[in-house]
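Visitor: I should like to learn how the features of a structural model are read. Please take them one at a time, with the general idea before the case.

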Amino acid sequence: MATEVLMPALSPTMEEGTLAKWLVKEGDAVKSGQILAEIETDKATMEFEATDEGIIGKLLIAEGTAGVKVNTPIAIMVEDGETVSDSPAPKVAEAVAPAAEAPASVPAKAADPAPAPVVAAKGWPHTDLPEGPTKTMTVREALREAMAEEMRRDPNVFLMGEEVGEYQGAYKISQGLLDEFGAKRVVDTPITEHGFAGIAVGASWGGLRPIVEFMTFNFAMQAIDHIINSAAKTLYMSGGQMGSPMVFRGPNGAAARVGAQHSQDYAAWYAAIPGLRVCMPYSAADAKGLLKSAIRDPNPVIFLENEILYGRSFDVPTDPDFTIPFGKASIIREGRDVTIVSFGIGVAHSLLAAEVLAKDGIEAEIINLRTLRPIDYDTVLASVQKTNRCITVEEGFPVGSIGDHMASTIMQRAFDYLDAPVITCTGKDVPMPYAANLEKFALITPAEIAAAAKSVCYR
Amino acid sequence: MAAKKPAERPNASKEELLKYYREMLLIRRFEEKAGQLYGMGLIGGFCHLYIGQEAVVVGLEAAAKEGDKRVTSYRDHGHMLACGMDPKGVMAELTGRIGGYSKGKGGSMHMFSKEKHFYGGHGIVGAQVPLGAGLAFADKYLGNDNVTFTYFGDGAANQGQVYETYNMAELWNLPVIFVIENNGYAMGTSVKRSTKSPSLWERGAAYGIKGEAVDGMDVLAVKAAGEKAVAACRAGQGPYILEMMTYRYRGHSMSDPAKYRTREEVEKMRSEKDAIEHVRDLLLQGGLASDEDLKAIDKEIKAQVNESAEFAKDSPEPPVEELWTDIYA
């Protein structure tokens, strides 16, 4: 009986990969555990093993093929004496049906465009980008380039964290940095967040400019005492004598199906702390421009990245001096009817919602805050004075959210301009569930954003 | 703890002994004055006095050179005076005045001096341990031969981050000297009620860190141990642990009724082991100083402390604008 070998998912967020190399050929007998192929994901090159013994009947995907979707049949295994033609043709269409498809019991939302690819910001006003040439790169590449450029610029900038060096980065952000800068400046740490965060703060007082990578910000909770009590407060407590010029960075918020302890958005937590700067980039240009500013900044900066955005591509200015100042939001889409204030991956969801809204004749103006401390209130207030309606979008929990703070600020400073109450769209008030369908419900979706926008437009 | 050693031949010159006497006395008189000012309501919040432990910081500072760094917990007044910070600035910080080291914004527990390489003053028990290792990390990275004295108490010795730090300090060969000031009590909990470890310094062996216990009431023993640790550290042999067996005469803080130990225990320590009396005996019995010489020093120190108290009372409170400064560089 012939069986199909399917393109495997090799990480929680992997949707496709490159079949880099076949290590078997048609007719080979393979054993369970034998390496069949090398598959390149956006994070790493992985070896893919046979799970059963048999004979390679046919290789369906040629090596070097990029963009092979997870669950696509890539080979056919046959039993001894059998040939491919003996077996029924592989049912490719069935095989590629993603496992994550919502079950029938879940009420389908026709308008929910969540799985669709993100539309790049091109064509919309992108007021934050300076004039000049750009090149396309992923958020991951932009972060790496920002670090590398700043490390070349200042010998006292160094990177430390778990798996940043020899492993080349758990999410490949630091790939190649060890080779260029050596182990003195790309420091692999034991798994000891509390300890190495404290060491990094001390190093910043000692004249260095540490970049601390947390494998995810969920693990930074082990280190939060040093981030807040040691890094954020020392300049004040020392009467201005010594501050902590350093960056704490890493992925924040939900990835995909990693459950409650690995899926929290900490934006509102850190944004609450005087003494910290807080960045949350959406695009690759944001990522590069903000990270360069963060590394140069004399204050401790929390830099909240998003794993799902790491692999997405955007235009980034090629000017090596391109930076984005803190406290300057960008209007990523202009519109007259409703203001959507967001940051990080919320901007991606908001852009999708805006497409839906446009079909109903509602033109949304989307503000990408980019930094949450300081916050660019002026850009938000000016937009609200134009549209008279506002919703906020974020992935974090609802209580004490950035949206709550923004709604309160708008109420206090632009009350007379409002034609509707501000609606705060957030993640649900639950620990992140693992089940695919429940996780979808827990996260903020473009459909919910569109519904909220319609609601404040009384539509 | 070792027995009192009054009249043995000191391995220090007259000048050195007089220096230690003066420095220890300054700390004690300063702390007594701080206690008074607290009682008068001029110092607020928490105030942890160093009385009894003076030999630890004075002995270790005698082993330090310019460029070496120090960081400690909230019981920090002694460390600041020992590293040469101005008593006026320290006292004015205690009273929350603009003339204080942190312009009145840090208080007793949070004071710093970049000039004297004093990196606080930390209110979170044990947090200063990785911070100190981080200072040492910077010195190693920058390629100088400075060492960092990282002080913490027997209470902090049970914090997990201490051992995270031991691990990395040895792994990366950092020039840090961990000084455990074991005064027997973590607030009200005695060491034997908080751990079954027979000694605290020996825990470093699990990470490959050398160390030793030292009579922390004997400034000369402290200095000798400090010199040994500093030499190893500067020679690139990595971290070193010194467990200073010491004692605080006063409560944990000003609001501590100290019911967890007997008056007799405190009295016994004061009469048999006092670090200042020890040096005084060495000076007098060795014929290195007369009673009058020491009285003159006492008088001088008293005047210096009174001057700091007057400064701390006269210095104005920080102007309201200071509320909004020093949040960002």
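Visitor: How many residues does the contact take from chain B and from chain A?

Guide: Two residues are in contact if their C-beta atoms, placed from the backbone, lie within 7 Å. On this criterion the contact takes 33 residues from chain B and 34 residues from chain A. The elements of chain B that give two or more residues to the side touching chain A are α5 (128-142) and α6 (160-171); helices (H or I, at least four residues) and strands (E, at least two) are DSSP runs, numbered from the N terminus. The largest share of that side, 11 residues, comes from α5(B). By class, the side of chain B that touches chain A has 17 nonpolar, 10 polar and six charged residues. Here Ala, Val, Leu, Ile, Met, Phe, Trp, Tyr, Cys and Pro count as nonpolar, Asp, Glu, Lys and Arg as charged, and the others, Gly among them, as polar.

Visitor: What conventions apply to the model and its numbering?

Guide: This is a predicted model, in which local features need pLDDT of at least 70 and side-chain atom pairs count only at pLDDT 80 or more, while totals for chains, interfaces and linings use all residues. Residues are numbered from 1 along each chain as its sequence is written, and chains are lettered from A and ligands numbered from 1 in the order in which they are written.

Visitor: How is the compactness of chain B judged?

Guide: The radius of gyration is taken over C-alpha atoms, and the globule rule is 2.2 Å times the number of residues to the power 0.38. Chain B contains 11 helices and eight strands. Its radius of gyration is 19 Å, close to the 20 Å that the rule gives for 329 residues, so chain B is as compact as a globular protein of that length. The C-alpha atoms of chain B fill a box of roughly 55 × 50 × 40 Å along the principal axes. Of the 329 residues in chain B, 55% are buried; a residue is buried if 20 or more other C-beta atoms lie within 10 Å of its own, exposed if 12 or fewer, and partly exposed in between, with C-beta atoms placed from the backbone.

Visitor: What radius of gyration does chain A have?

Guide: Chain A has 24 Å, which agrees with the value near 23 Å for a compact globule of 459 residues. Chain A has 13 helices and 22 strands, and its C-alpha atoms fill a box of roughly 80 × 60 × 45 Å along the principal axes. Buried residues make up 51% of chain A. Among contacts in chain A with a separation of 6 or more, 76% are between residues 24 or more positions apart.

Visitor: Which domains does the assignment give for chain A?

Guide: Domain bounds come from an automatic or database domain assignment. For chain A it gives domain 1 (3-87), domain 2 (134-317) and domain 3 (330-456). The centres of domain 1 and domain 2 of chain A, taken over C-alpha atoms, are separated by 37 Å. Their contact takes five residues from domain 1 of chain A and 11 residues from domain 2 of chain A.

Visitor: How does the span of helix α1 of chain B compare with expectation?

Guide: The expected span of a helix is 1.5 Å times one less than its number of residues. The 26 residues of α1 (residues 14-39) of chain B should therefore span 38 Å, and the end C-alpha atoms are 37 Å apart, which agrees. Just after α1(B), B:Gly41 takes a positive phi of about 85°.

Visitor: Which residues of helix α13 of chain A are buried?

Guide: In α13 (residues 446-456) of chain A, the buried residues include A:Pro446, A:Ile449, A:Ala453 and A:Val456. Among the elements that cover the buried residues of α13(A) are β18 (338-342) and α9 (345-359) of chain A.

Visitor: Where do unusual backbone angles deserve attention?

Guide: A cis peptide bond, with omega of about 5°, joins A:Arg373 and A:Pro374. A:Pro374 is found in the loop between β20 (371-373) and α10 (377-387) of chain A. A:Asn388 has a positive phi of about 65° although it is not a glycine, and it counts as partly exposed because 19 other C-beta atoms lie within 10 Å.
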